[in-house]
Amino acid sequence: MREVAVIATGLTAFGAFPETTIRELGAAAGRECLAAAGVEADRVDGFYLGCFAGPSFTGQNHLAPWVASAIGVHGAPATRFEAACASSGAAFAHAWAAVAGGLQEMALVVGAEQMTVQPTARTAEILAAAGDVADEAALGATFPALFALIARRHMHEWGTTREHLAAVAVKNHANGLLNPKAHLRKAVTLEKALTGRMICDPLTLYDCSLISDGAAALLLAPVDTARGLTDKPVRVLGVAQASDRLALADKADATSFPAVRAAAQKAFAMAGVGPDEIDVAELHDCFTIAELVALEDLGLFPRGQAGPATLEGRTALAGDRPINPSGGLKSKGHPVGATGAAQVVEIVRQLRGESGERQIAGARLGLTQNLGGSGASCVVGVFGA
Amino acid sequence: MRIGVVYSETTVHAAPEVFAGQAPYQIALADFPEGRRLVRIEGTAVHIGDRVRETAPGLCAKAD
């Protein structure tokens with residue numbers, strides 16, 4: 001296998017953009033990415049679109065060639081990858097495999113979603129279809145409900161508290177304040193997070209990520225090619241995707257995701273590094289509890305310790321283990337299909353030292369963890385400056 | 001009557017459109033002899049460790 005690098009990135013603002021189209025969002029990120037690399041669209045020989053539910057949200061299917069052609073990519077294989085909220089993580093993993101395996105020389109990954117074109121109640125139904133429709137959605141189990149079940153059990157088994165959950169929201173909102181592309185740039189106090197409107201107890205509005213529109217893009221090439229195009233290629237040291245049972249009831253332990261553990265184990269082994277060496281990470285905080293479970297599944301903290309560590313500030317920008325400097329899904333926003341690629345964008349820019357006020361000084365090793373559904377898909381990436 | 005034990009539970013306040021008229025409602029993961037299932041709870045609210053009795057397919061009530 002060849003070593004692969006991320007040559008360039010593109011990222012739209014995240015927010016509510018119902019007046020544009022998912023095609024234009026995806027194309028904007030893709031064009032920015034190619035322009036940053038100084039690469040013409042006709043050099044792209046593989047196009048990977050991560051998008052969870054474009055057909056349900058917008059009515060348009062066959063989205064990959066539609067977005068690719070708006071960027072000027074014609075002729076290259078163009079396919080949409082769907083793995084719920086891990087859709088563009090999956091697109092990235094498959095693009096990496098094609099380049100690493102010598103099948104392609106210049107792969108463009110775009111993650112995109114446009115969600116605000118539907119009313120919130122309809123959006124909840126579309127999102128719920130990432131779970132088991134017959135056994136979960138049909139009973140009225142929304143995604144917040146599934147993660148509330150995880151949170152309640154985690155509190156029971158590991159001593160996690162509402163304050164621990166709220167501390168994740170407070171920290172990610174503080175980071176998002178420093179990110180001009182973030183959807184909700186607003187400081188949140190612990191008291192406010194604790195007293196938010198109840199969604200599914202114990203999760204309040206402040207425990208839930210946002211419904212957003214947006215897109216992110218990544219250009220991948222063999223490291224040798226990358227060196228001729230940029231003086232700051234970021235190497236993909238390890239990447240792995242894993243899957244698990246769809247329904248939460250089918251998981252023996254609802255406080256840990258086997259797909260996250262499996263993907264992390266493979267990605268760390270491929271990279272030849274361990275969790276303690278990671279300088280900065282973007283984790284999938286679709287709900288506050290998800291960031292705590294991810295911290296423990298990735299081995300960044302022992303089980304039951306992620307909540308107290310967060311409350312102590314250890315995962316803040318100035319902490320010893322900074323998590324979600326972008327603001328995460330909580331503050332930056334969560335246009336589902338864009339999220340996995342956007343996590344990689346943040347890590348690449350952190351490792352290049354381009355993150356401005358939220359830069360983690362001297363970051364050399366970064367990690368992304370992109371989760372689909374209630375843990376049925378996961379992609380973990382390890383990156384090196 | 002089949003009896004299960006509550007593994008986790010939540011009360012849904014923000015419901016999807018089709019269930020909006022029923023909110024708030026409680027759902028639970030409950031362990032039955034044949035395995036764990038997601039169920040709706042009717043009547044008295046339940047907590048982790050409580051025993052529940054299945055009153056109809058997918059529907060449970062506190063057992064004691």
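**Entry 1. Strand pairing in chain B**

I looked up the partner of β3(B) and found that β3(B) pairs with strand β5 of chain B, residues 59–62, in the parallel sense over 3 bridges. The model I am reading is a predicted one. For the register of this pair I noted that R40(B) has L59(B) as its bridge partner in β5(B).

I then turned to β2(B). This strand is joined by 7 bridges to β3(B), residues 35–42, and the two run antiparallel. Which residue of β3(B) stands opposite Q26(B)? I found I41(B) in that position. I also recorded that β2(B) and β3(B) make a hairpin, with 2 residues between them. Thus β3(B) has an antiparallel pairing with β2(B) and a parallel pairing with β5(B). As general background, strands of a sheet pair through backbone hydrogen bonds, in either the parallel or the antiparallel sense.

**Entry 2. The sheet of chain A**

I traced the strand order in chain A. The sheet is open, has 9 strands and mixed pairing, and reads β3-β2-β4-β7-β1-β8-β11-β10-β9. Why do β3 and β9 of chain A each have one side without a neighbour in the sheet? β3 (78–81) and β9 (280–282) stand at the edges and have a single partner strand each, so one side of each is left free of a neighbour in the sheet. I noted an average turn of 25° between neighbouring strands, direction ignored.

Within this sheet I examined β8(A), residues 234–243, and β11(A), residues 377–384; these run antiparallel and are joined by 8 bridges. In that pair, A242(A) has C378(A) of β11(A) as its bridge partner.

I also checked what lies over the sheet. Helix α3(A), residues 63–71, lies across β2 (46–50), β3 and β4 (107–114) of chain A, and runs at about 120° to β2(A).

**Entry 3. Backbone exceptions**

I searched for backbone geometry that departs from the usual. Most peptide bonds are trans, and most residues other than glycine have a negative phi.

In chain A, I found a cis peptide bond between D201(A) and P202(A), with omega of about 10°. P202(A) is in the loop between β5 and β6 (203–204) of chain A. In chain B, I found that the bond from A23(B) to P24(B) is cis, with omega near -5°. P24(B) belongs to the loop between β1 (3–12) and β2 (25–32) of chain B.

Is phi of H62(A) positive or negative? I read a positive value, near 55°, in this residue other than glycine. H62(A) is placed in the loop between α2 (54–58) and α3 of chain A.

**Entry 4. The interface of chain A and chain B**

I finished with the interface. On chain A, 29 residues are in contact with 23 residues of chain B. The two chains bury about 2100 Å² between them, with 62% of this area on carbon and sulfur atoms.

How many salt bridges does the rule find across the interface? I recorded 1. R152(A) and E9(B) form a salt bridge, with their closest N and O atoms 3.0 Å apart. I also recorded 13 residue pairs in polar contact across the interface, with both residues at pLDDT 80 or more.

I next asked which elements of chain A supply the side that touches chain B. α5 (120–128), α6 (143–158) and β5 (198–200) each give at least two residues. The largest share, 7 residues, comes from α6(A). By type, I noted 15 nonpolar, 4 polar and 10 charged residues on this side of chain A.

Methods
Residues are numbered from 1 along each chain as its sequence is written. Chains are lettered from A and ligands numbered from 1 in the order in which they are written. This is a predicted model: local features need pLDDT of at least 70, side-chain atom pairs count only at pLDDT 80 or more; totals for chains, interfaces and linings use all residues. Side-chain values use heavy atoms; hydrogens and water are left out. Contact means heavy atoms within 4.5 Å. Buried area is the accessible area (1.4 Å probe) that two parts lose on being put together, summed over both. A salt bridge is a side-chain nitrogen of Lys or Arg within 4 Å of a carboxyl oxygen of Asp or Glu. A polar contact is a pair of N or O atoms within 3.5 Å; within protein, one must be able to donate a hydrogen and the other to accept it, and residues adjacent in sequence count only if both atoms are side-chain atoms. Helices (H or I, at least four residues) and strands (E, at least two) are DSSP runs, numbered from the N terminus. Ala, Val, Leu, Ile, Met, Phe, Trp, Tyr, Cys and Pro count as nonpolar, Asp, Glu, Lys and Arg as charged, and the others, Gly among them, as polar. Two strands pair if DSSP finds at least two bridges between them. Axes are lines fitted to C-alpha atoms, for helices over the stretch in contact, and angles run from 0 to 180 degrees between N-to-C directions.
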